[in-house]
Amino acid sequence: MTNTAQSTSIYSSIWSRIEANGRGWVFTPADFLDLGSRNGIDMALFRLRKQNRIRRLAQGLYDYPEQSRLVGEVPPNPDAVAKALANEAGTKLLPSGAYAANQLGLTEQVPGKVVFLSDMNPRSVQIDKLEILIKRTTPKTMKMAGRTSGVVTQALRFLRKNQVTSEVVEILRERLSPAEKREILEDQRFAPAWIREIFVRVASEELAVA
């Protein structure tokens with residue numbers, strides 16, 4: 001196969017994968033390493049970007065942007081960005097701070113800085129007005145990465161003990177499924193003592209059934 005034919009093959013394979021994942025997918029060159037050489041992948045992504053088929057978000061980070069009739073290209077979802085970075089590093093990320101609380105409906109605050117915890121090296125990605133910050137945390141905290149218990153723990157840490165009212169507990173009771181309530185009980189050993197007490201209050205119905 002000639003170099004030109006090989007480049008065309010890599011380009012077609014990469015574009016097919018992007019289309020298959022659909023608009024809103026965020027990715028890095030690492031998502032295509034099975035399709036060809038790193039140089040060939042970089043050339044294909046450069047070509048796709050020049051054709052405005054994909055968008056470059058930061059160095060080594062791209063997406064297949066969603067489109068809106070009102071605003072055109074829609075900013076990427078922070079979770080999708082985090083997932084792409086985590087996949088590249090072979091790890092998981094845990095939402096933290098106001099973003100974790102917002103995901104659970106515990107605050108309407110939309111943070112200008114979205115923080116994720118991880119065991120990977122710290123990294124900051126600026127996308128328009130939004131900063132996505134990855135902070136390194138402890139192995140114990142990462143035990144709950146990728147699990148609802150981790151998001152709940154980080155949301156409660158953000159609110160702090162004196163702001164966790166009966167209303168907050170009720171929102172979590174309504175928000176979490178029975179399986180998720182069992183999960184927070186299973187993972188309570190990884191949480192601080194005061195958060196373990198909240199877990200038990202939220203999952204009291206599951207305890208009664210057990």
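Two exercises with worked solutions follow.

The model is predicted, so local features need pLDDT of at least 70 and side-chain atom pairs pLDDT 80 or more, while totals for chains, interfaces and linings use all residues. Residues are numbered from 1 along each chain as its sequence is written, and side-chain values use heavy atoms, without hydrogens and water.

**Exercise 1.** Find which helices supply the largest nonpolar core and what leucine 172 contacts.

Solution.
- A nonpolar core is a set of buried Ala, Val, Leu, Ile, Met, Phe, Trp, Tyr and Cys residues joined through side-chain atoms within 4.5 Å. Buried means under 20% relative accessible area, exposed over 50%, partly exposed in between (1.4 Å probe, protein chains only).
- The largest such core has 26 residues, and Leu104, Leu106, Leu156 and Leu172 touch the most other members.
- At least two residues each come from α4 (97-103), α6 (148-159), α7 (166-175), α8 (178-186) and α9 (193-202). Helices (H or I, at least four residues) and strands (E, at least two) are DSSP runs, numbered from the N terminus.
- Beyond neighbours within four places in sequence, leucine 172 contacts (heavy atoms within 4.5 Å) Leu104, Leu106, Val152, Leu156 and Val202.

**Exercise 2.** Identify the salt-bridge partners of arginine 55.

Solution.
- A salt bridge is a side-chain nitrogen of Lys or Arg within 4 Å of a carboxyl oxygen of Asp or Glu.
- Arginine 55 pairs with aspartate 63 at 2.6 Å, N to O. At 15% relative accessibility arginine 55 is buried, and aspartate 63 is buried at 2%.
- Glutamate 73 also bridges to arginine 55, at 3.5 Å, N to O. Glutamate 73 is in strand β5 (residues 72-73) and arginine 55 in strand β2 (residues 55-58), so the pair ties together parts 18 residues apart in sequence.
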